[in-house]
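Student: I have a new structure to look at, and I would like to understand the words people use for it. Could you go through some of them with me?

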Amino acid sequence: MKPNARLIAIFVVILLYVPIVLMQAWIDPRRHEFEPKNDQIGTIGKALPIEFTLVAAAGFREAIAGLLWVRTDKFFHEGNYDAIVPMVRIITWLDPHNVDVYQTGAWHLDYNFTDNEQRSDRRYLPLSVALLEEGIQANPTITKLYADLAFTHYFRKMCNYERAIYWYRKAQDVKETDSKQPYSTDPDTGKRDQYVIDPILGKPRPLADPTIVGHGLAHALQANGDIDGAIVQWQHCIDEHKRLIIESPETKYQDESGLRVAERNLFETIERKKFRTVDTQPPINLDFDAWVVRTAPRQFRFEGRANFIGATAFKLEGHQVTWGPVDGARIAYRLEDDGYQQPKELPFELNVALPKNVTIMQDSASVTHGKFSRRANLDQDSHGDNPMYPFKAERYKLTFWFDPRDPASSPPNLGDRIGWLGEGLTDSKYLDLSGKVPGSLQGPDEKANVRLIKKVIYLTRDDIMGTGEKKFE
Amino acid sequence: MSTIWTLASGTFGEAMRRKILNVFLFVAIAMIVLFFAFASFSPTSDMIITMATGLGIISMAGVFISVILGINLIPNEIDKRTIYTILSKPVKRHEFLIGKFLGGLATVFVNILLMGVLFVIGVALFKDPHHHIRLDILEGVLMIFFQLMLVNALAVMFSVFTSPFVNFFLTFAVYIMGSMSSITEALGGESANGKRSAVIQGIFKAIHFLVPNFGNFNVQNPIIHPDVVIQNMAKYIATNILYAIIYSLIMLLIAILVFDRREV
Amino acid sequence: MANNATQQPDQGDAGAAAGMTGAISSGTNDSFSGEYAIEIVNLVKRFRNLITREWVTAVNDISLEVKQGEIFGFLGPNGAGKTTTIKALLGLIFPDAGTVKVLGRAPGDNDVKYQISYLPESPYFYEHMSAKEVISFYASLFGMTGADREKRVDYLIDLVGLKSAGNKPLRAFSKGMLQRVGIAQSLVNDPKVLFFDEPTSGLDPIAHRDIRDLILHLKNEGRTLFLSSHQLSDVEEVCDRVSILYRGKIRKIGRVDDLIAGGKVEIIADNLKLDEKTTAAFKAKADEVEQIGSRVHITGGADNASKQAILDIIRAAKADIVSVTPTRRTLEDIFIETVRGGEEEAGEALHLDAAAGS
């Protein structure tokens, strides 16, 4: 090689580093779409043994995450709940696209960390929300994550239907074109990010499953009292099912069954909308009361009455109808440290700042023949390290309530008498129009439009620890 | 050009008949184990671990093949004196180097392609409940190939001025450092507590941008999770391929510059 | 130059050499018209010992020219610097001082490479290939393709006597067979200048002879051959000129005849009585006196004065002169003589591994 050629070659080498640096700068932020974020790297390094970190860095990240997840499942079956949260944290850092981990992880946090009598540990709920929100951020096209988060807000746990609707709607907004397939290329611009316009819909196709997301949204709208919205949504579900039956024969049976459900629900909702405006008046007086009986230290019987018997007979479309005793209503109760404010959201960190030394117990009892009574032995979960019910506070707040919107507390036949939001019920003592649902992860200015029945009893530590049977009301 | 082709095909034939096939055998066994080891897990976990481990094994085996091959391509010719008969023919030194590199690269390509195909077939036979042929796995194998192209270029570059023994550790060290893209990037940025000094940041930034970033090529994630959408994946892959090609070119140019002055 | 391309090479080892006459000289490029095919002027090459970190001078200021068409023997013990010099001539290594030219151009020049070839000592070829594939591989490096290449390969394989083994992989080849492959690859481009490094080392006697015959035929074709060897007898037979290299320096250079000449005479006398006086006279004038049976063998200088002095002594003793024979020195003699001289000069024992790189 001649000296000149050498000089040119050296110059080219230096010059070629320019595109290398530029490309790296372009690649870096995009790499994090399937890699841990920068601020997580250090924490992963601290959380994992060095050899794991090295193996993970050498292209086995997802494999390590997958194996840790299998190990986590073992922890769950062994009842080693404390180990699960940090594991889920590390796994989702290592592999932010393992959707199963967010789903199952949140499900564990929602339901499966329980006391000896199968009551969930409610301190984990904000964490579950944070985990799912992070999962959605990392996987914005995976609509089942939205649906799971919406369902966490919707079902039993929190009864925050506004949030449920919000997440269901977000899921419905995810378009097929946000996903991998199919791409369409704009012939003028050559861009691939054009929406595929569905010839039947006249707009981009939704990606969300009409049963999981579509039906969920309709139920949430109805629970929130937006009946017209629910009717529109059921109709939308019907359209979607019909379209998919034609377009995706492989999932035809699923959609045919979904279609039948949606058609029946649409019919029922339209019917109920008609008669619930008239048949729920005048409001029945529930004559609600509730009390707790301490049977032994930290052992209770939660009891009370609610006159749902009065709802057995009512007019339906102008006719007198008798539906028999209206059982199946559930009264919820929650015992917690007085003054405790449940955080709306907890950051999902490696070492979670769970509210320790806090006692929160929530359960519900079904009303049969106008009465409810349910035992709770909290003593079993009050001992050892980090018990679920430590009873460290001096004063406790016990709230009993009935939420007419809650599908788990108020079955549809009952709703036909008391209305969508409790228009057909009242109580001389305990009607609550504050819109604050105990245990719901509501923000400070969020307020539900609902007629709750609510009674609060305060207990001291001595009341709880005392021996001998004693009633508090 | 025909000279380069002749040398590349000679190198390919020679390399394919060497002990590289042992690595291949190891991979085959590892995969067979893989296909039956995780059967007790849930189907989702099973598939994720199989995919992740399978691609990881292909990648690691590929790295070993590339390094072993790359560090020996030139020294072997010198040791066995083949280089004398070749360079005394009308072969320019850069043609020799490029021919050897391409021959080595072809060997790596065929090897990982075979592993990839074996893996695709294995997944279809033993893992996928519907026995789908998951061709997207080969997309991951393609990215592994470009990663290995860079490994190969790096090893060849070092091989023109170090012994294979030193080169082995050198190439692996750079490979490991380059695989930690995330870590070097994080250390090159501001630390959470602001305690990292500007000098340290600068050093890691330089490492991050100048050391070949093998971590860029770990795009197995979308293959492992086919539901997940990575925006602009095609552009990302294209950029990475371009990165691999340009970086390999730099390595080869340096190798040519050194080799041109080297006595054999 | 003989051009008898119609004569097909015979099969078999012995016939191969005979059959090559003209067969390979299908079109030597005659673009270079200078006198010297090879010129070396004050070549110096040093190497660094990797372990002791000491610099070793492998070639120490040598100069020589090889004329076109000449067969030049480049002699020396192992480590003398022979291979180093050849590598410098091929552009594989670069001189520390001095210049080397092949066909008038700097080594490593691609145009020159079309007209030269190199056969290294104990060459290795890609073992997975057959002999034909190897030759084909090297032919491709000259840009030969298709039927031309095939024809050429078949010729060469025949020429070196590998026709029956042409399709076997080289793994199964003996050293002699590999050397034949080496020679075939060196002839692939019909070169003007050939560099053979120890072409007969380690071969069995038959292969040895065949290869020597091949070299003789190359000589007859008018090619320039730079032949490095320590197989002195071969060089003696085929070389026009030789040089003796020892410890990086050319100790002797010249025509083989000249080097051999300037030897001794052996005078045999009969009826010579070796009494005290005669013995003393011989001692002054002759190198060696030996009684063999009834005759006395006297060895002395071949110059006229020495010869006459010895004859005078014999005549004076009234003995019969049976014969006066000049004894030709073999290259071995010269070589050993030279090497001894080198040793004395160096003041130490023969040290064969001193020079690296050969």
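**Rings, charges and strands**

Tutor: Gladly! In this predicted model, the charged end of R163(A) sits over the ring of Y166(A), 4.8 Å from its centre.

Student: What makes the contact between F288(A) and F372(A) an aromatic pair that is stacked?

Tutor: Two values decide that. Their ring centres are 6.4 Å apart, and the limit for a pair is within 6.5 Å. The planes differ by 15 degrees, and under 30 degrees counts as stacked, so the name fits.

Student: Why is F288(A) called buried?

Tutor: Buried means under 20% relative accessible area. F288(A) has 2%, so the word applies; F372(A), at 3%, counts as buried too.

Student: Which parts does this pair tie together?

Tutor: F288(A) lies in the loop between strand 1 and strand 2 of chain A and F372(A) in strand 8 of chain A, so the pair joins parts that are 84 residues apart in sequence.

Student: Why is the pair of Y175(B) and F214(B) called tilted?

Tutor: Their planes make an angle of 50 degrees. Stacked needs under 30 degrees and edge-to-face over 60, so tilted is what remains. The centres are 5.1 Å apart, and the limit is within 6.5 Å.

Student: How do you know that strand 2 and strand 4 of chain C are edge strands?

Tutor: Each pairs on one side only. The open sheet has the order 2-1-4, with antiparallel pairing. Strand 1 and strand 2 of chain C pair over 10 bridges, and at least two are needed, so they count as paired.

Notes:
Residues numbered from 1 in each chain as written. Chains lettered and ligands numbered in written order. Predicted model: local features only at pLDDT ≥ 70, side-chain atom pairs only at ≥ 80, totals over all residues. Heavy atoms only, no water. Helix = DSSP H or I, 4+ residues; strand = E, 2+ residues; numbered from the N terminus. Phe/Tyr/Trp six-rings, centres within 6.5 Å; stacked < 30°, edge-to-face > 60°. Buried < 20%, exposed > 50% of the residue type's maximum accessible area, 1.4 Å probe, protein only. Lys NZ or Arg CZ within 6 Å of the ring centre and 35° of its normal.
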